[in-house]
There are 2 protein chains.
Amino acid sequence: MKKDSRKKATIYDLSMLSGISPSTVSAVLNGTWRKRRIKESTAELIRDLAEKHQYTTNRQAQGLRRSRSGLVGLMLPVYDNRYFSSMAQTFEAHVRQRGQCPIVVSSSRDPQEERETAENLISYSIDELFICGATDPDGVHEVCEAAGLKHINIDLPGTKTHSVISDNYEGGRMLTEAIIGRFASDDPLSPDELSLFGGRNDHASRERIRGFRDVKRALLGADPEASIQPTGYSPNTARIAFEAFFEKAGRLPRALFINSSINFEGLLRFMSAHPHETFADLVVGCYDYDPFGSFLPFPVIMMRQDVEGMITKAFELIEETRTPPKIHLIRPDLVPPRTALTGPLDGLKDIV
Amino acid sequence: MKKDSRKKATIYDLSMLSGISPSTVSAVLNGTWRKRRIKESTAELIRDLAEKHQYTTNRQAQGLRRSRSGLVGLMLPVYDNRYFSSMAQTFEAHVRQRGQCPIVVSSSRDPQEERETAENLISYSIDELFICGATDPDGVHEVCEAAGLKHINIDLPGTKTHSVISDNYEGGRMLTEAIIGRFASDDPLSPDELSLFGGRNDHASRERIRGFRDVKRALLGADPEASIQPTGYSPNTARIAFEAFFEKAGRLPRALFINSSINFEGLLRFMSAHPHETFADLVVGCYDYDPFGSFLPFPVIMMRQDVEGMITKAFELIEETRTPPKIHLIRPDLVPPRTALTGPLDGLKDIV
DNA sequence: CTTTTTTGCACAATCGATGGTGCAATCAAT
DNA sequence: ATTGATTGCACCATCGATTGTGCAAAAAAG
């Protein structure tokens with residue numbers, strides 16, 4: 001019946017079978033047939049044939065001809081935390097809704113890898129690229145620009161194209177205020193009892209730290225230099241920093257501002273090596289929301305970045321290439337301890 | 001200098017510029033030039049020119065010709081939990097190491113969407129597909145088979161091709177034993193004090209439930225039917241089930257077996273509506289590991305599925321198409337409360 | 001019954017890379 | 001010097017879909 005059920009049917013196969021020219025078959029199947037004045041009955045015939053032979057268009061050929069692929073890319077630093085995984089989840093939903101195919105890749109926060117990954121995606125003629133949390137957004141920009149690829153920065157800003165990021169300064173302020181607010185006025189926090197851990201020398205960290213400092217100075221009157229410990233975005237370096245602090249001070253600070261949930265995992269590693277009592281009076285503020293993190297045995301205040309808002313805004317802005325690059329701030333939300341928020345998964349239907 | 005720095009250079013451009021034929025240029029750039037007896041000096045010349053003009057091969061054209069794309073696909077149900085996000089992270093690392101390009105998509109546990117997603121990926125001529133946690137693996141198999149695409153099941157097994165999954169029965173047993181073991185012999189658990197929540201009618205849930213029942217009967221002597229509540233894989237249906245139980249019984253069971261971290265989030269939602277005291281003597285066993293979940297204020301025993309092991313095995317088996325389909329079990333690990341394990345992120349280098 | 005207009009479709013070039021084949025030029029062998 | 005082998009590369013068809021163009025046949029206008 002079929003020539004080789006193993007090989008996919010092409011427009012040429014359908015052309016042979018129907019005696020209709022390949023170009024007409026193509027027009028019918030890609031929807032341009034009205035414009036080409038193809039008879040309704042011919043179209044019908046071809047559609048039936050296509051269905052019968054399970055025709056699907058070869059996207060490589062289509063992409064080659066059209067020089068676009070229908071693929072929309074999202075480049076993430078990593079997958080494995082709730083902030084970035086919800087970013088991927090939300091992104092997917094948006095792209096699918098537009099009838100395109102999402103493709104997500106990670107680039108490990110390595111500038112070199114970021115550029116290579118972009119090159120690679122470009123070689124597949126992706127239509128748009130969302131650059132999320134890139135260490136060197138402008139480097140990636142060069143690559144995209146050279147290929148005429150629409151792109152936009154998310155989470156960490158660049159200077160060469162629009163960026164949609166959290167309002168990290170405001171977020172830093174809110175979180176710091178909330179942490180300090182947890183302490184009663186009869187037992188107030190002293191400046192050296194509130195430390196910041198995690199992050200590195202990127203825009204987000206700098207802004208959060210700036211917010212932290214401003215609020216700390218305003219409310220506690222001082223901000224010793226030693227209370228800031230950027231440890232990079234890894235659990236282990238954070239753990240080591242906590243251990244070091246503990247060694248030196250004999251205890252943890254009463255209050256911690258942790259720069260990301262990844263760094264928070266460093267605190268978990270520290271915790272597993274120490275008894276409960278070490279954390280009896282600890283208050284943690286964490287920039288990033290993780291539902292389980294919110295229910296730990298001590299008060300954990302979290303900042304939830306508005307992923308849905310950022311993605312939505314990014315989709316609007318990626319079209320906008322006439323105006324000069326701008327940074328768009330999206331306000332994050334303060335999440336009180338013991339709070340279970342809904343997420344992108346809640347939109348899915350569930351079958352039992 | 002360049003004709004249009006906006007359009008990427010092709011082998012024809014390099015051909016024009018060098019006076020060397022396109023086929024020779026192609027051979028040099030794709031590495032087959034020795035086989036074609038191209039002079040070293042010619043190759044050198046072309047390589048230099050390619051470098052100078054930032055040539056990168058057009059993968060669509062290459063894919064069209066070769067009918068393979070260099071893309072390796074991973075289909076996930078969802079991104080947004082630590083099990084699947086670590087799956088994506090680990091998968092990426094493996095694919096990159098093989099010099100291919102990973103592409104990850106999610107299909108929302110919807111059989112229809114699973115098949116369409118597969119079709120879609122196939123139309124991009126992906127080389128291999130890893131089908132993870134599919135609701136209808138055999139449906140996806142048909143699609144892959146028809147296209148002659150190598151594929152393999154992970155996490156949930158199919159009957160038509162090899163599957164690599166957790167040893168859910170053993171895992172269910174281990175977890176149930178561990179939960180029961182938390183209760184002292186002077187205050188032992190009664191059968192109706194241990195309930196299972198979450199999961200649906202899939203292979204993984206069934207096996208875990210079977211393990212749960214077997215151990216429960218062996219150790220506690222009975223297993224009332226009502227103690228099993230499959231709620232689907234959504235936080236909210238799980239929350240509702242907890243609420244319902246609480247309404248009826250006036251309290252939660254002393255011990256819970258929760259079928260996945262997604263369902264565990266349903267417990268968090270329940271918790272946020274109830275005071276701490278409700279959970280004072282609760283013991284939870286959760287199938288899936290989440291580092292933050294491990295540190296909640298009550299004992300949480302978790303099963304970590306061996307993602308690295310599963311991916312590694314899957315890569316081995318995907319080549320193996322001669323032997324009849326088999327299910328390969330990978331043993332998960334029991335994680336005691338308050339344990340922070342390292343994950344795929346720990347392999348990345350970190351720059352501060 | 002012509003001429004003009006419209007309808008319906010076929011033809012052929014093109015996108016960029018690949019690989020089988022063939023043909024000069026160079027070199028080795030007799 | 002003639003034949004045969006080897007080297008080095010160009011030519012061209014091909015992968016599957018798209019799209020500008022052209023041309024008959026049918027329909028409408030005169």
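Which residues are the closest to DNA strand C? They are A:Lys39, B:Ile11, B:Tyr55, B:Gln62 and B:Arg65, out of 26 residues that surround the strand; a residue is near a strand if one of its heavy atoms lies within 4 Å of it.

A word on the ground rules. This is a predicted model, where local features need pLDDT of at least 70 and side-chain atom pairs count only at pLDDT 80 or more, while totals for chains, interfaces and linings use all residues. Residues are numbered from 1 along each chain as its sequence is written, chains are lettered from A and ligands numbered from 1 in the order in which they are written, and side-chain values use heavy atoms, with hydrogens and water left out.

Back to the DNA. The surface near strand C has twelve polar, seven nonpolar and seven charged residues (Ala, Val, Leu, Ile, Met, Phe, Trp, Tyr, Cys and Pro count as nonpolar, Asp, Glu, Lys and Arg as charged, and the others, Gly among them, as polar). H4(B) gives the largest share of that surface, four residues. Helices are DSSP runs of H or I with at least four residues, strands are E runs of at least two, and both are numbered from the N terminus.

Now pick out some side chains. A:Arg36 has an N or O atom 3.3 Å from a base nitrogen of DNA strand C, and for A:Arg37 the distance to a base nitrogen is 3.0 Å. B:Asn30 goes to the backbone instead, with a polar side-chain atom 3.1 Å from a phosphate oxygen. Of the strand C atoms within 4 Å of the protein, 44% belong to sugar or phosphate and the rest to bases.

Next, the two protein chains. Chain A can be laid on chain B with an RMSD of 0.1 Å by a turn of 180° and a shift of 0.1 Å along the axis, superposed by least squares on the C-alpha atoms of residues with pLDDT of at least 70 in both. The two copies are therefore related as by a two-fold rotation axis. They also use the same surface: 99% of the contact residues of chain A recur in chain B.

In that interface, 87 residues of chain A are in contact with 87 residues of chain B, contact meaning heavy atoms within 4.5 Å. Ten salt bridges cross it (a side-chain nitrogen of Lys or Arg within 4 Å of a carboxyl oxygen of Asp or Glu). One joins B:Arg82 to A:Glu265, with the closest N and O atoms 2.8 Å apart.

Definitions and conventions. Polar contact = N/O pair within 3.5 Å; in protein donor to acceptor, adjacent residues only side chain to side chain.
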